[in-house]
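The following paragraphs lead the reader through a molecular structure, from local backbone features to the relation between its chains. Please keep the sequence and the coordinates at hand while reading.

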2 protein chains.
Amino acid sequence: MNRLYHVPLSPFCRKVRLTLAEKRIEVELVEERYWQPTPDFLRRNPAGKVPVLRMDTRVMSESQAICEWLEDMMPSPPLMPRDADGRYEVRRLCAWFDDKFHNEVTSKLLYERVNKRITGQGYPDSKNMKFGATRIKTHLDYMAHLLDQRRWLAGDAMTLADFTAAAHLSCLDYVSDVDWDRHAVVKDWYVKIKSRPCFRTLLVDQVPGLLPPAHYADLDF
Amino acid sequence: MNRLYHVPLSPFCRKVRLTLAEKRIEVELVEERYWQPTPDFLRRNPAGKVPVLRMDTRVMSESQAICEWLEDMMPSPPLMPRDADGRYEVRRLCAWFDDKFHNEVTSKLLYERVNKRITGQGYPDSKNMKFGATRIKTHLDYMAHLLDQRRWLAGDAMTLADFTAAAHLSCLDYVSDVDWDRHAVVKDWYVKIKSRPCFRTLLVDQVPGLLPPAHYADLDF
């Protein structure tokens with residue numbers, strides 16, 4: 001059986017989970033306490049991070065490298081365009097969310113509020129949270145700017161860029177940090193992606209001691 | 001004329017410069033003070049980061065996305081294997097250096113010592129520098145572990161993974177932060193890559209007020 005070592009509220013794990021589910025690849029989910037790494041875990045990934053995907057004899061890490069590998073091996077249904085310019089735009093936006101959005105928003109809101117508590121690193125830093133709450137607005141504005149011109153973030157087809165953005169936003173939505181009323185076009189995009197069968201696995205996630213808001217799993221929120 | 005907006009001691013810019021030079025694509029280098037972004041610069045890249053590559057009518061950002069685009073458009077000489085497993089390993093290692101090595105080493109040593117001064121953010125934090133100086137040893141050990149089994153970092157051919165690692169290490173070498181005597185196999189690898197014609201552009205870089213050590217441009221150091 002294929003296995004994904006993950007934590008539920010990690011955007012990088014969620015991106016891989018969405019890609020696996022969209023391509024109908026079944027995996028057993030195994031929660032990994034990466035902040036207390038065991039020798040076994042470090043053997044699977046010397047970087048000490050999740051996600052780690054075990055498929056047959058392969059053990060793979062780094063979410064973008066895993067998703068590109070899945071796309072190379074199982075190109076249907078496609079999550080990358082076939083032309084170089086289209087692929088560039090998908091990769092640029094994946095990096096936008098996994099790097100810029102992650103540094104400015106995910107790490108400032110989700111990690112302060114959830115990861116610090118889970119890993120026993122103390123209380124949230126209010127300066128960080130204020131910074132994240134300000135920056136997420138700019139990012140939602142940028143998404144609206146893109147979605148005013150395109151059906152999906154990177155063009156007219158749904159791609160890995162949409163999964164990457166939705167992976168981050170769905171984690172933040174679990175802790176009620178997304179103002180969906182800011183842009184109708186962004187909310188419409190999220191309703192579309194949230195309604196896909198691949199998204200179901202994320203909507204049943206439960207973090208002990210931290211209930212999601214009622215709208216989290218509601219497809220028509 | 002193609003243009004690359006860059007700063008000399010940015011590993012992400014250097015990775016793109018190496019890829020362009022290896023593929024013999026001429027570009028005009030334009031230094032960009034990204035920490036004082038102009039409206040023009042933010043139009044070219046709303047993320048406010050370097051590198052930005054202008055080729056014909058295209059304006060591109062995010063170093064990995066740019067390099068993959070160059071590989072898609074100009075596959076010769078190749079910097080990625082043709083098989084999915086080989087490509088996965090290259091992408092995993094690019095992420096290793098651009099994310100893990102960058103967070104643990106480049107940002108702790110180079111940014112504390114050089115970027116803080118250039119951008120007027122004060123003095124280096126000695127705790128960060130100590131952390132970076134410890135972590136670089138582990139990374140050099142990991143490189144030696146890979147190079148004990150392979151001719152190049154991701155396999156038997158030189159790839160974008162080697163350029164990514166060399167881009168980070170060459171910046172650190174400019175400020176004398178690499179102990180090349182730690183592993184002969186890592187030094188041999190760096191001598192090989194440093195001797196390539198594509199590397200010449202990096203060896204003549206000069207940061208005002210900060211001279212590199214004598215061995216920096218020496219091919220037989």
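In the hairpin of E3(A) and E4(A), Asp56(A) takes a positive phi near 50°, and 2 residues separate the strands. Helices (H or I, at least four residues) and strands (E, at least two) are DSSP runs, numbered from the N terminus. The model is predicted: local features need pLDDT of at least 70, side-chain atom pairs count only at pLDDT 80 or more, and totals for chains, interfaces and linings use all residues. Residues are numbered from 1 along each chain as its sequence is written, chains are lettered from A and ligands numbered from 1 in the order in which they are written, and side-chain values use heavy atoms, with hydrogens and water left out.

The two strands of this hairpin, E3(A) and E4 (residues 58-61) of chain A, run antiparallel and are joined by 4 bridges; two strands pair if DSSP finds at least two bridges between them. Within this pair, Leu53(A) stands opposite Met60(A) of E4(A). On E3 (residues 52-55) of chain A, 3 bridges lead to E1 (residues 3-6) of chain A, again in the antiparallel sense, and Arg3(A) faces Arg54(A) of E3(A) there. E1(A) is also joined to E2(A), by 4 bridges and with the strands running parallel; in E2(A), Glu31(A) is the bridge partner of His6(A).

Together these 4 strands form an open sheet with mixed pairing, in the order E2-E1-E3-E4 (chain A). E2 and E4 of chain A stand at the edges with a single partner strand each, so one side of each has no neighbour in the sheet. From one strand to the next the twist averages 20°, where axes are lines fitted to C-alpha atoms, for helices over the stretch in contact, and angles run from 0 to 180 degrees between N-to-C directions. Helix H3 (residues 63-73) of chain A lies across E3 and E4 of chain A and runs at about 130° to E4(A).

A second positive phi belongs to Arg24(A), at about 55°, although this residue is not a glycine. Arg24(A) is placed in the loop between helix H1 (11-22) and strand E2 (28-31) of chain A. Most residues other than glycine have a negative phi, and most peptide bonds are trans. Chain B supplies exceptions to the second tendency: the bond from Val50(B) to Pro51(B) is cis, with omega near 0°, and the bond from Ser76(B) to Pro77(B) is cis, with omega near -10°. Pro51(B) belongs to the loop between helix H2 (39-44) and E3 of chain B, while Pro77(B) is in the loop between H3 and H4 of chain B.

An unreviewed UniProt entry annotates residues 1-78 of chain A as "domain: GST N-terminal"; its positions are given in the numbering used here, feature names are shortened, and annotations may be inferred rather than shown by experiment. This span of chain A is 37% helix and 21% strand, and its end C-alpha atoms lie 24 Å apart.

Two packed helices are described by the angle between their axes and the distance between the axes. For H4 (residues 84-118) and H6 (residues 160-174) of chain A, the angle is about 10° and the axes are 8 Å apart. That makes H4(A) roughly parallel to H6(A); angles under 35 degrees count as roughly parallel, over 145 as roughly antiparallel, 65 to 115 as roughly perpendicular and the rest as oblique. By class, their contact (heavy atoms within 4.5 Å) has 14 nonpolar, 4 polar and 1 charged residues. Here Ala, Val, Leu, Ile, Met, Phe, Trp, Tyr, Cys and Pro count as nonpolar, Asp, Glu, Lys and Arg as charged, and the others, Gly among them, as polar.

In chain B, helices H1 (residues 11-22) and H4 (residues 84-118) pack at about 130°, with their axes 11 Å apart. H1(B) and H4(B) are therefore oblique to each other. Pro11(B), Phe12(B) and Lys15(B) of H1(B) make the contact with residues of H4(B), including Asp98(B) and His102(B).

How are the two chains related? A rotation of 180° with 0.0 Å of shift along its axis superposes chain A on chain B, with an RMSD of 0.0 Å. That is the relation of a two-fold axis. The superposition is by least squares on the C-alpha atoms of residues with pLDDT of at least 70 in both copies. Among the residues of chain A, Asp99(A) comes closest to the rotation axis, at 4.5 Å (C-alpha). The copies meet through the same surface, because 100% of the interface residues of chain A are also interface residues in chain B.
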